[in-house]
Amino acid sequence: MGYTTQDVHNKVKKLLYSLTGITLSDNKDIMISNRIDKLKRNCRYSGDIMDLLSSVEQGSYVTEFINSFTTNKTHFFREDFHFVDLKDRVLPSFANSGTKINMYCSASSTGEEPYSMAMTVLKAMEDLGKNINASIIATDIDTNVLQYAADGIYRYSKSSKEFPEWIKPQKYFKRRVQKNLAGEEVLIKVNDELKRMITFHVMNLNDSSYPFSQNQFDVIFCRNVLIYFSAEDQNKILKKLFKHLKIGGTLYLGHSENPQDLVHYVRRVGQNIFVKEKEIN
Ligand SMILES: C[S@@+](CC[C@H](N)C(=O)[O-])C[C@H]1O[C@@H](n2cnc3c(N)ncnc32)[C@H](O)[C@@H]1O
């Protein structure tokens, strides 16, 4: 073979960085080995791993490579205080003015986050007794999770605490009959009202620019994705996203993420909740 495990891991890291911007730290050896197995399965490949990585370098199996190395952990109403803020602070003015609210979910994974945004809109409409015209663009780099999100079918157990008490899942999902699920788990499918609000697209946050217009969005969710990037690259992504946020618009970040250089251009209004005050000069 003529190479070590470390050589393979170094090549994986280099490729992953160039294709996605994701930086894998030095203590990720077990994870990298597991993901290499996943990559081989996804490509139905049983040959030499270095040859497979060279193929990726030359443009083959790129999607399989990216999909194997992303981490997609998510759940409905993760950090639910962000959705409470959206419902109570942001949405009422759109209900009152009738102005359309444009929202962006920048790392939507399997869809739980954008569907939680959509459920929050419907709940605000119900509470306020007014219509809200909302659209949500949801993107991710991983094509598998985007397909899962577009299908909108999830496992649900009544005893799980995934939904906050102010959301009644039966209002937003249809139950699907399915045998062979463990215990009290059932499959649920998002209803059409929720689906109509969201469009899913593949997009790489590491691209040099994004396909949106300046100040397009009133709300941007960028949560639990920056953690996979170096501080320098986090800053670059945040600055690119910021261009597309309106002044007065809200940026939601994940629990261990911070606005970096944007701190001079935003006002903090809650835990990892920032309102854009001015453009970057
Ligand atoms: C841990 S999940 C977070 C999902 C959701 N935002 C949440 O907070 O629950 C991170 C997601 O970021 C996506 N991702 C990683 N690198 C990306 C990139 N360069 N561009 C777009 N999405 C990326 C992954 O595919 C994954 O689905």
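Sorted by class, the shell around the ligand in this predicted model holds 8 nonpolar, 8 polar and 6 charged residues (Ala, Val, Leu, Ile, Met, Phe, Trp, Tyr, Cys and Pro count as nonpolar, Asp, Glu, Lys and Arg as charged, and the others, Gly among them, as polar). That makes 22 residues surrounding the ligand, each with a heavy atom within 4 Å of it; the closest are T74, R78, A107, D140 and N224. Numbering starts from 1 along each chain as its sequence is written. Local features need pLDDT of at least 70 and side-chain atom pairs 80 or more, while totals for chains, interfaces and linings use all residues, and side-chain values use heavy atoms, with hydrogens and water left out.

As for polar contacts (pairs of N or O atoms within 3.5 Å; within protein, one must be able to donate a hydrogen and the other to accept it, and residues adjacent in sequence count only if both atoms are side-chain atoms), the R78 side chain puts an N or O atom 2.8 Å from a ligand oxygen. Ligand nitrogen is met by a polar side-chain atom of E113 at 2.9 Å and by a polar backbone atom of L205 at 2.8 Å. The protein buries 99% of the 600 Å² that the ligand exposes when taken alone (Shrake-Rupley method, 1.4 Å probe).

Next to L205 in the numbering, N204 belongs to the loop between β6 (198–202) and β7 (217–222). N204 counts as buried because its relative accessibility is 14%, and buried means under 20% (1.4 Å probe, protein chains only). Its side chain has a polar atom 2.9 Å from the backbone oxygen of L19, and the N204 side chain also reaches the backbone nitrogen of N206 at 2.8 Å.

Notes. Helices (H or I, at least four residues) and strands (E, at least two) are DSSP runs, numbered from the N terminus. Buried means under 20% relative accessible area, exposed over 50%, partly exposed in between (1.4 Å probe, protein chains only).
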